[in-house]
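This report looks at how two chains meet and at where nonpolar residues gather. The sequence and structure come first.

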Amino acid sequence: MQRRILAGDRLIATFLIGCVLFNYPLLSLFDRPLALFGVPLIYAYVFAAWALVVGLMAWAIERRIS
Amino acid sequence: MLEAPVVVTVALVYLGLLFAVAWWGDKRADQGRSIIANPTIYALSMAVYCTTWTFYGSVGRAAVSGIGFLPVYLGPTLVMALGWFLLLKMVRIVKANRITSIADFISSRYGKSHRLGGLVTIIAVLGIIPYIALQLKAVSGTVSLLLSYPDIVMPDRSATMSVAADMSFYIALILAAFTIVFGTRHLDATERHEGMVAAIAFESSVKLVAFVTVGVFVTYGMYDGFGDIFEHIATHPELRRLVTAIPSGQGYTGWFSLIILSGLAVLFLPRQFQVAVVENVNEAHLKRAAWLFPLYLLLINVFVLPIALGGLLHFSGQAVDADTFVLTLPMSQRQQGLTLLVFIGGLSAGTGMVIVETIALSTMVCNDLVMPLLLRRKAAALEERKDLSGLLLAIRRGAIVVILLLGYLYFRLAGEAYALVAIGLISFSAVAQFAPAIIGGMYWRGGTRAGALAGLSAGFLVWGYTLLLPSFAKSGWLPADFLTQGLFGSELLRPQQLFGLTGMDEISHCLFWSSLANIGAYLGVSLLRPPLAAEATQATLFVDALKETGPVGAALWRGRAQVSDLRELVGRFLGPTRTEAAFAAFARRRGGKGAALEADAQLVQFAESLLAGAIGSASARVMVASVAKEEPLSLEEVMHILDEASQLRTYSRELERKSRELTAATRELQDANARLQELDKVKDDIMSSVTHELRTPLTSIRAFSELLRDDPKMHLADRERFLGLIVSETERLTRLINQTLDLAKIESGRADWNGCELDLKEVVEQSVAATSQLFREKGAHVELDLPDNLPLILADRDRLVQVMLNLLSNAVKFLPPGSGRVHVVLRALAEGLEVSVADNGPGIRAEDQALIFEKFRQVGDTMTAKPSGTGLGLPISRRIVEHFGGRLWVESAPGEGATFRFTLPYAGPAEPAAVAGNPA
């Protein structure tokens, strides 16, 4: 029971993190003509944030809480 | 090589393969060995979200607006993080109430309303038909592109051809036939289609593989990776804005609106509701699918921008539509195999969407639009037909054909017009209108039927006015000044600057006004009056879906119905055989109570839910009411019953808690009892040994006393000797009793320990001093080897003295008279201090060395005829030493004396724990 509640809370936190990362104003910080290893900054940022959110969800769901 | 026959054959073979997968899935489902019962397949079936709009359209969108294609996938990712809660609740509700579509869901929540279900169906059909048209356009467009291979010729936009010569017409027909075979082979009471889901999951894999393959080909085959493409872009200033900024026409508001819209669409698009909620096999699958599906979205989008940029660079200056880059780039490189793979991928994306969407829509049209009308208008005609399941199937098949033909019609009329390009988002905005009624309905008891009707209607009208009609105007179907001048020439009513609101893109504009109208009307009208009884009942079933409610629904039905009537009614829609089986199974579950003539509330409830699966909850309600004499419940009564139910829940929770506490208490008691019994056994053992040991001295005391009593003339010397023996035996007896008590205390853990840091040397010296008289009497010599300044140890001084006295007095006992030597050594080792007491007595045989530490065991006492000790000294000493974390043992060989050693750990930071512990 405790485990379900914790996993659920982690998912809600992931949702909130995603909402902040994917939107103005954080998004605007990366909206500039720079490149990271040849990849435009905003493109790299959105995909990295996206991968982070998916990773956090997988972690929250799959991890066994001992 | 890629001529028409090849392309058509490949397409048909692929569709045949899909059908084989579906057939296999259905067969396995019938055998009870489902192939779709795992979270990966479930997540793949959700990926039906990715249509040709994703497969071809994302690249087109990226070519215009850079990363502007992404929010449509970020929204679903965020929503899936909440899927654990939202989808789980929806799945529970759907399974408990046998809901088969989103229209049924809303209608059922607000008291099983026909009008509401119909309205939802109309919004869904109007919103989705253009979306289906988009798929037809994409599939037919790619076929005609392929046919001109290897040249890249954009389809002629101005040419008009007859319907008979139009390939997309045949594609629509093939898809209709395909969907009919997939989705309406037989009538299922739960509307689940395992075969279809298997085929959709297969298609999702194909489109992902195809897209990633072409992405890798463009990025690493045509260019040298991501960096290379972006470097090329640097030399094209007109392309650079695509990769460096949020698209200007969209802005952050538009970006945000798209995230919200797509997040709602992934829940409420009829096809998404179908695969994620209705087709869900096991709610546990939601967990893993909740992150696998977003991962799928991430993967299918990685190569969108490289393909778009690669296409823009490659076809720079040529008239090649960016929507076709996915196909035309491999074509331009003469990659036949890859081109075909892309075509198959696009075909998968298109057909998957069309199949699931039309199945979902046809269920809605049948259950929430046609059946209610038939029930109202042709009730008499329906009465006469014995078996209506054929009619239901026919209605659904007809609906599928009509929906696809409407899609085709829209495609023909709209052609290449604006309306098709933006249609994906227009559809999303339409289904977003369901959100307040659904989410409100799942979490708020106060929503009413009137409120939901008002909200949906208001939102739908605003959507039509601000998004659909303007798209018609832009396509030229309406006068253009509708956009610029507004309705009736009123500037305030300009559809895309409603009431003068500017500064937003059209999607955000529509989202704002439609949700304002929708949510406002829903809340406002709901708050006008309290819910009716039927609404309150359904509200409880929905809002409390995640609680363990028990059969509340049955408690809320009061009336009389005949079992035979119900059976006949259900049989007419489901067929007699399956009805019999279902009723029999229900009777078995309830312990064979199926024989009664009169149906009770639970049976009525069961029959209604069976019917609801086939014809929708609202129609099922009407049909059941037609064969039962029902007493309507007032709102007060409903509230009363619901209160009782919730009180019962509270009581049962309380009861559960109490019972858990009782179980815990019982366990504790059992443990305590076991411990007591063990102690009791220990006590018994000691008692029996002790009694035996006590008997020996008592016997001798008694024997000597009797001698003294019976022989008054005994010599004085004898008398004194006997009295001396009596005294020493009495002393032994006292010692025995004291030590027994001491040992019992130690073993039961009730001994008093006064642990403190002390100097072991002092203890040894004190003990030796105390026993010096004994040594002198025996003429023995004691040698001490006690270094100064040793570390302190943690122990009980008196107890240690007891140990030392025991060892020393033992040694004295066995020393040879006159020549005895005892050597006491204190040493510091790594683990602690070691004390050894060595004597030059007779020694102890190896086999006796373990025995001497057992209670009441005395071995090989060669010096005296009878035992002189109690047999408890060494066991007690060993327990004392062990209590302080040390150990006590003996080293000896016969004839070479014996050395008793014990160690005690240093008083360090870790030591207190060892003292607190209780090794007994």
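## The interface and the cores

Across the interface of chain A and chain B, the rule finds 1 salt bridge. The model is a predicted one. The salt bridge joins A:Glu62 to B:Arg288, with the closest N and O atoms 2.8 Å apart. The interface also holds 5 residue pairs in polar contact, with both residues at pLDDT 80 or more.

On the side of chain A that touches chain B, helix H1 (2-21), helix H2 (26-29), strand E2 (39-40) and helix H3 (41-62) each supply at least two residues. The largest share, 12 residues, comes from H3(A). The residues of this side divide by class as follows.

| Class of residue, side of chain A that touches chain B | Count |
|---|---|
| Nonpolar | 22 residues |
| Polar | 5 residues |
| Charged | 4 residues |

In terms of contact, 31 residues of chain A meet 36 residues of chain B. The two chains bury about 3100 Å² between them, and 78% of that area is on carbon and sulfur atoms. A:Phe15, A:Tyr43 and A:Trp50 supply 21% of the area that chain A buries against chain B, more than any other three residues.

A:Trp50 also appears in the largest nonpolar core, which has 204 residues; A:Trp50, B:Phe105, B:Ile307 and B:Phe434 touch the most other members. Helix H7 (residues 114-147) of chain B gives this core its largest share, 18 residues. Leaving out residues up to four places away in sequence, A:Trp50 touches A:Phe22 and several residues of chain B, including B:Leu70, B:Tyr73, B:Pro294 and B:Asn301. Apart from the largest core lies another, of 48 residues, among them B:Ala751, B:Val801, B:Ile852 and B:Phe856.

Notes:
Residues are numbered from 1 along each chain as its sequence is written. Chains are lettered from A and ligands numbered from 1 in the order in which they are written. This is a predicted model: local features need pLDDT of at least 70, side-chain atom pairs count only at pLDDT 80 or more; totals for chains, interfaces and linings use all residues. Side-chain values use heavy atoms; hydrogens and water are left out. Contact means heavy atoms within 4.5 Å. Buried area is the accessible area (1.4 Å probe) that two parts lose on being put together, summed over both. A salt bridge is a side-chain nitrogen of Lys or Arg within 4 Å of a carboxyl oxygen of Asp or Glu. A polar contact is a pair of N or O atoms within 3.5 Å; within protein, one must be able to donate a hydrogen and the other to accept it, and residues adjacent in sequence count only if both atoms are side-chain atoms. Helices (H or I, at least four residues) and strands (E, at least two) are DSSP runs, numbered from the N terminus. Ala, Val, Leu, Ile, Met, Phe, Trp, Tyr, Cys and Pro count as nonpolar, Asp, Glu, Lys and Arg as charged, and the others, Gly among them, as polar. A nonpolar core is a set of buried Ala, Val, Leu, Ile, Met, Phe, Trp, Tyr and Cys residues joined through side-chain atoms within 4.5 Å. Buried means under 20% relative accessible area, exposed over 50%, partly exposed in between (1.4 Å probe, protein chains only).
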